[in-house]
Amino acid sequence: MELQLEYYLILAAGLFCIGIYGLVTSRNVVRVLMSVELLLNAVNLNLIGFSSFIDPIDIKGQVFSVFVIIVAAAESAVGLAIILAIYRNRNTVDMERFNLLKW
Amino acid sequence: MLSALIWIPVIGGIIIGFLPNQLAEKSRSLALVIGSIILAFTLAIGLQFDPNQSGLFLSESFSWLDQLGLTYYLGVDGLALPLIFINSFLTLIAIYTSSTKLARPRFYYALLLFLSAGTAGAFLAQNVLLFFLFYEVELIPLYFLIAIWGGTNRGYAATKFLLYTAISGALVLASFLGIVWLTGASSFDYDVLRSQVLPLSSQIILLLILLAGFAIKIPFFPFHTWLPDAHVEASTPISVLLAGVLLKLGTYGLLRFGIGLFPDAWNLLAPYLAIWAAVSALFGALAAIAQKDMKRVVAYSSIAHMAYILLAAAAATPLSLTAAVAQMISHGLISALLFLLVGVVGKKTGTRDVDTLRGLLNPERGLPIIGSLLILGVMASAGIPGMAGFISEFIVFRGSFSVFPIATLLCLVGTGLTAVYFLLMINRVFFGRLPLAFSNLPAVPWSDHVPAIVLAILIVTLGLQPNWLVRWSETQTASLSNFDTETLAEVRPASRSLLQPGQSIKESQWWRSL
Amino acid sequence: MEFASNFSDQLNVGLILPEGIVVATLLAVLIGDLILGRRAARGLPYIAIAGLLLSIVSLYFYWDAENPTALLGSFSGDDLSIIFRGVIALSTAVTILMSIRYVEQTGGALSEFIAIMLTATLGGMFLAGANELVMIFVALETLSISSYLMTGYMKRDSRSNEAALKYLLIGAASSAVFLYGSSLLYGLSGGKTILPEIAQGLAQVEGGELASAIALVFMIAGIAFKISAVPFHQWTPDVYEGSPTPVVAFLSVGSKAAGFALAIRLLVVAFPLEQPQWRLIFTALAILSMILGNAVALAQTSMKRLLAYSSIGQAGFVMIGMVAATQAGYASMIFYLLVYLFMNLGAFTGLILFSLRTGTDQITEYAGLYQKDPLLTLGLSICLLSLGGIPPLAGFFGKIYLFWAGWQAGLYGLVILGLVASVVSIYYYIRVVKMMVVKEPQEMSDTVRNYPAVRWNLPGMRPLQVGLVFSLVVTSLAGILSNPLFTLANTSIENTEALKSASTFLEETTAQNKEVSLADPMAPAIVEK
């Protein structure tokens, strides 16, 4: 069986949906952050898929995905730092209890 | 020259606003000086006015925001001149009658001068966008003047005024944007827009929007509810300005922009406008009968009297248009006088309630001079011959009757009712026995009489010399009928129908025979 | 040699000199702080402001640059980007003025704060000129991550933590959505990442409407988050309430301006063929923002939340220019953002001054302020009235330009809604002004009664005063003297090749497609969309 572009895209779309689902339903902040990572990885999959099928010479997609990985790392670093700060103040990482500000 | 009318009060207001603390008490005298300068300027402009010439006799034009089509284009003609005069004159009177012991005098007089500047700007503007700008400029000063120095319920009244007027402004702007866009004109200049011809259907839509906007400002029934509240809560000088000048912005807008920019639609809608005028006049008069607060009575009478202007404008004969301007002037003076005197009564007795006040005409312990002047003002308002009110109302009805007989008759009934509610008020307040509670009224100093007497003299003089009342508007007739008879009748056949054959400019000068 | 010179031509690094100056300033602030320690904190903010002003001056020299593309086409230094970069840098400069005292009084480290703020500015400035997907993404994230950090800067305040967390999670999710859209775009256009090439690539694809529509919607969702357009606004009031006020000021002006710059460039250049679709989406966003932003602002009791919702409403007004999609529309957007910068920052400066002196931002606590602090009252009132669109202040002219541009583009409904919304907005702005100006001495709130004596010579107060007076003067005069400003906005749009070529491209493709569809009725008709 030959791998086609569609498979990558469908896999990425599935991953993206799982990420969105996790984002909406998780109560633990770390899990929310992990769901965001899933979203970004879905994007990476898309990019790499497109890159190797459509743009195999310039491979801009692969370059792009490297950037995405780097930025995602920075983002989770900041995210975890913020979670750490909030954990120190509130002793919880439960989304439902962060209700000082009304939504 | 014309810019001075706007910029002298603005600069004066800024100077007063930033006076150092120890000079705060001087702000009143300074404001008086500035007010006098403005009045002198207005008179100087008036002297250059040639009654036989139509169109702008003075104008200034600078390009300002070209991309927007907004030019700084000021001009004065026979329509604007009397209103500018009234504005300068009543501003001076308002400054003069303001209490000497006001809280925050600097802010007060600065706002008063800004208000005067904004109003003068609106009357002078020859660019519709500039007119809108000035129309909105007077919003905030007046809001503060009511909200800070008003009566007990001033916050509510001021906010209501603000919202109504802001909506009015938005509607007027929508209409102006509409006409410029639909005609494809390159600028918002009034004369450019007037030379454009629009299809009737879009004219009607735009005119309706414009009418709704100005009807809030003037105000006509059923958009009037803000006015009695604002009058009751505002202090006397502000009521004087509000009734005397600011409401005229709306009627001025109707004449200048309603008729001027949408003549065909105006013809078409005129019968409905006449009926609206009659309804508004009757409503104002009937509502005035039911009022217990003297200021409310005057406020509702103001609504009724402003409706005559709509009637005259709807008829749009040369005579009735002259009459509309005359009615603006005489209503400006008369309502100013009435509010002034009602204010004095309220200040001296501590109440304006018709049910509690009695016998104030008592020559020894009452307010005889005030009472006499008020009776004079009421007579003028009710249209007793010999006063300005009679002249203007008479020509309103004379000019409109041939076009809209029924609406005119209904308005005549409204005039009759004026006598009814004002006599009811006078009878209760000034005749009968002076109750003990009011028997030790403080004496009214001469200085309080001066503005009222000046106004009364003006009203009587204009009544005895109607030429002076209408002389301003002779050009007015010329310039307004200029587009009504000549250009319009030629360019737009539709408008010929509303001109009655016998009514020419000749006939509109009937007062010469008086 | 030839290759090298050719390459350096394409690189054209000189074009990003303004950003380079910001980077140098950033490094100077960081190193200065390390070497000199706390003593230097006094002077560092002024170095940062000087650097930003220098950067703005250097932007001036690139006005109408001959070759406006740099970094192999991924950055465009055209006039459109210059004006947006100027707005962003200027907003940071004013924000730094107001944050000096604030950060010191709340016990944070000032120089780090300024360093992060400069980073955010850098991101915003690059975003304003970014012309390629990777560039857009990196710039966007530089701006966003710095914003998260600034939001959570008061790390002992759990409200600030919470605001930062919410902002981070929603922001990360929205940028992931944006990214997903751009990955689709990359694939659809046949492996292109530079915006004009994407447009050409998209035009050649047959039958990709659905996918390109999905990409468009995803990308607009990401942008709408940045400009906090309803319904992507939920984070705004919470974040605004919880974060340090200077940060809020930056988010509501600088960050928003960057978002609008991105919106114009991305949509106009990369999606010229989808113009009807994105205009439709932006119409919906504008309507919702104007209605919801202004309506909810009516009910607010806290000044910060009031300004938060009002900024949502203001974004709705600006989007009218976007929907108009004409030169006049974009120019009026830029003009509005220029005056919005001053009036909104002025309002925030007033808010910061008041909360620094009294520790509260409840609207009712402002009662009777005129007696104790006339300058603050004057400045805050003028800025709020200008936001409400009262003539002759700057905001009035900004709105008139926007409405006029919208009206010319035939958006009657939207403009009338805008007029209604601005009447509503006058109501809630005047409520604050009324509190400050109208209340009698006996109605004065306790906070104001205990108002500390106004002393401008306290450390860090002078910059606040300068900021307030500066915004006050500009807000009062910018409208009356708006001709040069608007000409500037207009020429910047006119001189921008990208917008022009996009519109010609649209015309050409439409004409071509018409021919195609006339010749062959079965051909996929993109035109008919």
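This briefing covers chains B and C, their interface and some local backbone features. The model is predicted. Two pairs of chains are in contact, and chains A and C share the most contacts. Chains A and B are not joined by any contact; their closest C-alpha atoms are 30 Å apart. Chain B does touch chain C, through 35 residues of chain B and 34 residues of chain C.

**Chain B: fold and surface**

- Chain B holds 20 helices and two strands.
- Its C-alpha trace spans about 70 × 55 × 40 Å along the principal axes.
- The radius of gyration of chain B is 22 Å, which agrees with the value near 24 Å for a compact globule of 514 residues.
- Buried residues make up 65% of the 514 in chain B.
- Take the contacts in chain B with a separation of 6 or more: 80% of them link residues 24 or more positions apart.
- About 17000 Å² of chain B is exposed, and 66% of that comes from carbon and sulfur atoms.
- Chain B carries 27 positive and 23 negative charges, and the mean positions of the two sets are 11 Å apart.

**Chain C: fold and surface**

- Chain C has 22 helices and two strands.
- For 529 residues the globule rule gives 24 Å; chain C has a radius of gyration of 23 Å, so it is as compact as a globular protein of that length.
- The C-alpha trace of chain C spans about 80 × 55 × 40 Å along its principal axes.
- In chain C, 65% of the 529 residues count as buried.
- Of the contacts in chain C with a separation of 6 or more, 81% are between residues 24 or more positions apart.
- The accessible surface of chain C is about 17000 Å², with 64% on carbon and sulfur atoms.
- Its charged side chains number 28 positive and 33 negative, and the centres of these sets lie 16 Å apart.

**Interface between chains B and C**

- The size of an interface is often given as the accessible area lost when the parts come together.
- Chains B and C bury about 3100 Å² between them.
- Carbon and sulfur atoms account for 76% of that buried area.
- B:Gln67, B:Leu68 and B:Trp181 supply 21% of the area that chain B buries against chain C, more than any other three residues.

**Cis peptide bonds**

- Most peptide bonds are trans, and most residues other than glycine have a negative phi.
- In chain B, the bond between B:Phe221 and B:Pro222 is cis, with omega about 5°.
- B:Pro222 sits in the loop between α9 (200–217) and α10 (226–233) of chain B.
- In chain C, the peptide bond from C:Val230 to C:Pro231 is cis, with omega near 5°.
- C:Pro231 is in the loop between α9 (209–226) and α10 (235–242) of chain C.

**Positive phi outside glycine**

- B:Arg104 has a positive phi, near 50°, and is not a glycine.
- The loop between α3 (80–97) and α4 (105–124) of chain B holds B:Arg104.
- B:Arg104 has a relative accessible area of 19%, so it counts as buried, the cut-off being under 20%.
- C:Ser228 also departs from a negative phi, with a value near 45°.
- C:Ser228 lies in the loop between α9 and α10 of chain C, and C:Pro231 has its place in that loop too.
- With 1% relative accessibility, C:Ser228 is buried.

Terms used. Residues are numbered from 1 along each chain as its sequence is written. Chains are lettered from A and ligands numbered from 1 in the order in which they are written. Side-chain values use heavy atoms; hydrogens and water are left out. Helices (H or I, at least four residues) and strands (E, at least two) are DSSP runs, numbered from the N terminus. The radius of gyration is taken over C-alpha atoms; the globule rule is 2.2 Å times the number of residues to the power 0.38. Buried means under 20% relative accessible area, exposed over 50%, partly exposed in between (1.4 Å probe, protein chains only). Contact means heavy atoms within 4.5 Å. Accessible areas come from the Shrake-Rupley method with a 1.4 Å probe; for residues, only the protein chains shown count as cover. Lys and Arg count as positive and Asp and Glu as negative; His and the chain ends are not counted. The place of a charge is taken as NZ of Lys, CZ of Arg, CG of Asp or CD of Glu. Buried area is the accessible area (1.4 Å probe) that two parts lose on being put together, summed over both.
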